[in-house]
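Visitor: Could you take me on a close look at one part of this fold? Pick a single strand and work outwards from there.

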Amino acid sequence: MSNPVPNPEPPDFDGSFQSDFLELIRWRRDVRRFRRDGLAEGTLERLISVAALAPSVGNSQPWRFVMVRDGARRTAIRDEFQRCNARALENYEGERARLYAGLKLSGMDDAPEHLAVFCDEETTAGQGLGSGTMPETLRYSVVGAIQTLWLAARAEGIGLGWVSILDPAEVTRILDVPENWTFIGYLCIGYPEEEHLDPELERVGWQQRVAQSTFVLKR
Ligand SMILES: Cc1cc2nc3c(=O)[nH]c(=O)nc-3n(C[C@H](O)[C@H](O)[C@H](O)COP(=O)(O)O)c2cc1C
């Protein structure tokens, strides 16, 4: 057993911090329009280390990150997105189809950083605690890490866009990662071209926010 670190004084998260934190959450946004200038060296690595502070079932830390820097692999992922997006369009008809066809659903062409995130389904870290009855909690843990990274990036003025319109098996093949890693999300990261308080899908009339009363039950 390693010795625990002596507990330092906890910070005082005062009212001003709390309201700033709320603003960060309100302004987070999924970003699909990126400036092409890159992040300062080491920024992505630093954001990944912040993501790794997220909670995880059994402290299993099952997140696995792939920085996609190779041009050929990026092109293959972009082609895969276009193929999946074209198939997705076939699920809509009429006005919905017209609206869908006009959506920008990936910032891959401009984002300077591409980060694929996976879950190691066979990690021995955590010794199975908490995931025996719910193996999916490993994946939930990875999603928590992505959200942590998302907020940390936004706090530095960096935008992130999550792309899920991809075939996980193809992403696994293109990026040549172990078979026991489950694909969770493909993240485009860079400085946003524009800032918005409202989600793009609301702005373009695809989906408005749903009233809270429809998803909270009291028992
Ligand atoms: C699991 C997940 C997958 C997503 N996949 C995509 C995607 O493939 N393409 C896209 O444009 N946005 C994607 N998004 C972003 C959502 O469209 C966005 O979060 C939502 O419209 C609300 O907008 P906001 O994030 O700006 O608040 C995804 C978000 C999540 C959480």
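Guide: Let's go with strand S3, residues 159-163. Four of its five residues are buried, so S3 is largely enclosed by the rest of the structure. Keep in mind as we go that this is a predicted model.

Who does S3 pair with? Its partner is S4, residues 181-190, and the two run antiparallel over five bridges. If you want one spot to click on, glycine 161 sits opposite cysteine 188 of S4.

Now zoom out to the sheet. Four strands make an open sheet, ordered S1-S2-S4-S3, with antiparallel pairing. S1 and S3 are the edge strands, each with a single partner, so one side of each has no neighbour in the sheet. From one strand to the next, the twist averages 30 degrees. As a reminder of what holds such an arrangement together, strands of a sheet pair through backbone hydrogen bonds, either parallel or antiparallel.

On the other flank of S4 comes S2, as the strand order shows. S2 and S4 run antiparallel and are joined by eight bridges. One of the pairs to look for is alanine 116 with tyrosine 186 in S4.

Stay on S4 for a moment and find leucine 187. Leaving out residues up to four places away in sequence, leucine 187 touches Leu115, Val117, Ile146, Leu160 and Trp162. Leucine 187 also belongs to the largest nonpolar core, which has 38 residues; Val117, Ile146, Leu187 and Ile189 have the most contacts inside it. At least two residues of this core come from each of H2 (43-51), S1 (63-67), H3 (71-89), S2 (113-120), H5 (137-155), S3, H6 (168-175) and S4. That fits a familiar habit: in soluble globular proteins, nonpolar side chains tend to be buried together.

Two of the helices are worth lining up against the sheet. H5 lies across S1, S2, S3 and S4, at about 5 degrees to S4. H2 lies across S1, S2 and S4, and runs at about 170 degrees to S1.

For a single residue in S2, try cysteine 119. Cysteine 119 has 24 other C-beta atoms within 10 Å, so it counts as buried. Not counting neighbours within four places in sequence, cysteine 119 is in contact with Pro62, Trp63, Leu138, Arg139, Val142, Trp181, Thr182 and Ile184. Leucine 201, on the other hand, is 82 residues along from cysteine 119 in sequence and 28 Å from it in space, C-alpha to C-alpha.

Leucine 201 takes us to the ligand, since it is one of the residues around it; the full set is Arg29, Asp30, Arg32, Leu105, Ser106, Trp162, Val163, Ser164, Ile165, Pro199 and Leu201. Trp162 and Val163 in that set fall within S3, residues 159-163, which brings us back to our starting strand. By type, the shell around the ligand splits into six nonpolar, two polar and three charged residues.

Another member of that shell, arginine 29, has a backbone feature to check. Its phi is near 65 degrees, a positive value in a residue other than glycine. For context, most residues other than glycine have a negative phi. Arginine 29 is in the loop between H1 (15-26) and H2, and it is partly exposed, with 19 other C-beta atoms within 10 Å.

Aspartate 176 does something similar: its phi is positive, about 55 degrees, although it is not a glycine. You'll find aspartate 176 in the loop between H6 and S4. Buried or exposed? Aspartate 176 is exposed, with 8 other C-beta atoms within 10 Å.

To finish, here is the setting for all of this. The protein chain has seven helices and four strands, and along the sequence they follow the pattern α-α-β-α-α-β-α-β-α-β-α. Buried residues make up 25% of the 219 in the chain. Of the contacts with a separation of 6 or more, 85% are between residues 24 or more positions apart. Along its principal axes, the C-alpha trace spans about 60 × 50 × 45 Å.

Conventions: Residues are numbered from 1 along each chain as its sequence is written. This is a predicted model: local features need pLDDT of at least 70, side-chain atom pairs count only at pLDDT 80 or more; totals for chains, interfaces and linings use all residues. A residue is near a molecule or strand if its C-beta atom, placed from the backbone, lies within 6 Å of it. Ala, Val, Leu, Ile, Met, Phe, Trp, Tyr, Cys and Pro count as nonpolar, Asp, Glu, Lys and Arg as charged, and the others, Gly among them, as polar. A residue is buried if 20 or more other C-beta atoms lie within 10 Å of its own, exposed if 12 or fewer, and partly exposed in between; C-beta atoms are placed from the backbone. Two strands pair if DSSP finds at least two bridges between them. A nonpolar core is a set of buried Ala, Val, Leu, Ile, Met, Phe, Trp, Tyr and Cys residues joined through C-beta atoms within 7 Å. Two residues are in contact if their C-beta atoms, placed from the backbone, lie within 7 Å. Axes are lines fitted to C-alpha atoms, for helices over the stretch in contact, and angles run from 0 to 180 degrees between N-to-C directions.
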